[in-house]
Amino acid sequence: MPDSPPPVNNPYDPTKALDDIPGLHFALHEFLQSRMHESERFCEQSDPEKQRLYFATGFGLIQCVKGLMSFEDKDLLAAINHTKHGIAVASAHRKRPGSLAGRLAGYIVPSLSTSGTEWIAGMTPVERHAELVYAESLYQKSLLGIVYSGDWLAFIREVLNMRTTISIYRQLGKWIETVDAAYAIAHPELLAAASTLNSTPDSGVESEETPPQSSTTSFASANSFSGAPPPFPSLKHTSTHDLNSPPSNSPSSSTHPYIPSPCIDPHFRSGVYLGLGMSHLVLSMMPGKLLALVELFGYKGDRKFGLELLERAGGWGANGRVVEREAEGVRRAICDMSLLIFHLVLSAFTFEGVDVRKAARVLEWNLKRYPNGVFFLFGAGRLALVRSQPSKALTYYARAAQAQTQYRNLHHISWWESAVACLGLWRVAESRSWWGKLGGEATWSKATYTYGEAACLATLGEHAEAKKLMERVQGLRQKIAGKSIPVEKFVARKARKYLAQSDTLLLPALELAYVFHAIAHAPREVIAGEMIPAVGGALGELGLVLSSEGDGLVSSGSGGSEGGAIANGVKKGKDKKLESRSGYWDDVCLARFLEGVCWRFVAYPDPDAELEPDEKIPYSPENARTYSERAFRAVFEHGPDIELDHYIVYYAHFEYGRLLARSGNKDGAKTQFNLVLSGKPLEVNAAGRKGKYSLENALHVRTNAALEALDQNRLL
């Protein structure tokens, strides 16, 4: 990858379209270095007429990022138009399908087919790249269309386009597999050498340089590569499966090391790995009902295999060697960022395949290359947050905001993450400031930003300002593909409750901290020293005490969802005046739920947390676990008395299941998780609750993931 702008050949010759790849690689490098305007300007100057395959579509990708960052209609519409133009340019470079008679003959004679490996093999290198770029542009346009359209018909149309995209990736992946298999068979000496390498235990050395696989050669003649291929990430792969089908787990499967053919350039490989890898990841994370529908079309997702494909672009496999910049494909950085998003962001909703240590390796390598790169500084902040180091995360987010001023919308990511990190440190006033800045500028979810600021103000006792903001929340909601955004529905309900209860709401900032996983990533000293006392204060207003104050705990003969329970410090009937207040038992259950969550993370920190060596916690894990269990059982006991916040009981069963899992009670944990997924009303009789409870789909995703993690003996 050149450090200075490479020359661009003029006039443009479509048959030499791949000579523009070094130029686009340079533009992407500039973009990742936080020089966004310079990247755009280089693309525009290199291709003012937007007719070049890689420059036209690369410029469309930049506009896609800008549109998704701003979320404003004008930016989204401009991005859609650019991606449509990119689709047209890619189509002009694609191989022309045969006549109708020829296509019909393809059903009988495979070599005449307009799909499958024979069709791909008959393409020129430019046509194969055009096929790949077409799939990428179609995916970008579909994603933008879903966000922009706001109706179900448009959503269905764009989903069908995504189906076309996945089909193209599958064909390209199968062709790569076929070529690689033929190359491995023709070079048994390389196969033997790679087998020896794979059988050698990983030494932990990850930074050996891979001999360059020239990426600056004219790829119009890519098939002229000769000689042995450079070492490439070695990952065992099943020879009888194509890239869109994961390797079999059967012990009898015939496997051989992955040997890439040098006649396929790294830019094409990285693109196919990116598309197929992300397809597998997305499909693997779909809810069960939607996944069953997708599988009717023959699509299945394998998360492990999807991650393996993304790792190949950078050489992040267990026995692989990191692919250095001279040998990398142009989409390698995007593959790396996809891995970071999965391991550091989507890990909040899933467990299988998550590897924070691998994310740290990927991040360290890219930060050395892009020390001022805003996207990787975001990743560094997120890594610190996942490790329960929110103070360190705030430092990285501040650096990310200072790294560039060209794309103002990128600052909003820093502000959002900073608002959540401040909740994790229980700096409510600072969090309120970040939410306020977001509400004033950002457009992703103004309802959430406004409620976040209002919740912090209410927690601080500034109810006059909080009320003004709460009144605005409902009117700021928006829809995607005709559907409400779940978190916006949640905050709108909480805002209505605040106004209906004469401007009062119990622990709104701490509740929001739970929803955005700030409690899970808070330092234990903060949880024990600040969050739990805050819950204790709220319980005091309800006439209750913390579960750790044993004198206030009495046995209850009545059963919760699981039989006998520990009561919550006061039985019904002790204070009729308090209990008669509307929403009293909602507040009791919320306070107990938040208490249980806090004690749970004191007892068992998040598995990826890096604890401070001088940390001082005045509670033993055993006692904290007992207090957490008492609090959750109190929620189960009084769940039938909840009027509005029904979600609390379901989330309490989920968190109680996680507590049991960390305690070593896998059977008990499965019982709790199965209750959440049973569809049965857990807090009321069958007629007591109408419709879905808040954040239901998110809980089902996390619960299914927790069940899978239990089977794999992963820590929850």
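Angles between helix axes under 35 degrees count as roughly parallel, over 145 as roughly antiparallel, 65 to 115 as roughly perpendicular and the rest as oblique. The model is predicted, so local features need pLDDT of at least 70 and side-chain atom pairs pLDDT 80 or more, while totals for chains, interfaces and linings use all residues. Residues are numbered from 1 along each chain as its sequence is written, and side-chain values use heavy atoms, without hydrogens or water.

**Exercise 1.** Classify the packing of helix α28 (residues 666-677) and helix α29 (residues 696-711).

*Solution.*
- Step 1. The two helices pack at about 155 degrees, with axes 10 Å apart; axes are lines fitted to C-alpha atoms over the stretch in contact, and angles run from 0 to 180 degrees between N-to-C directions.
- Step 2. α28 and α29 are therefore roughly antiparallel.
- Step 3. Residues of α28 including Phe673 and Leu677 meet residues of α29 including Leu699 and Leu707, where contact means heavy atoms within 4.5 Å.

**Exercise 2.** Determine whether helix α13 (residues 332-344) has the expected span, and describe its surroundings.

*Solution.*
- Step 1. At 1.5 Å a residue, the 13 residues should span 18 Å, the expected span being 1.5 Å times one less than the number of residues.
- Step 2. The end C-alpha atoms of α13 are 18 Å apart, which agrees.
- Step 3. Ten of the 13 residues are buried, so α13 is largely enclosed by the rest of the structure; buried means under 20% relative accessible area, with a 1.4 Å probe and protein chains only.
- Step 4. The cover over these buried residues includes α1 (21-32), α10 (266-284) and α12 (303-314).

Notes: Helices (H or I, at least four residues) and strands (E, at least two) are DSSP runs, numbered from the N terminus. Buried means under 20% relative accessible area, exposed over 50%, partly exposed in between (1.4 Å probe, protein chains only).
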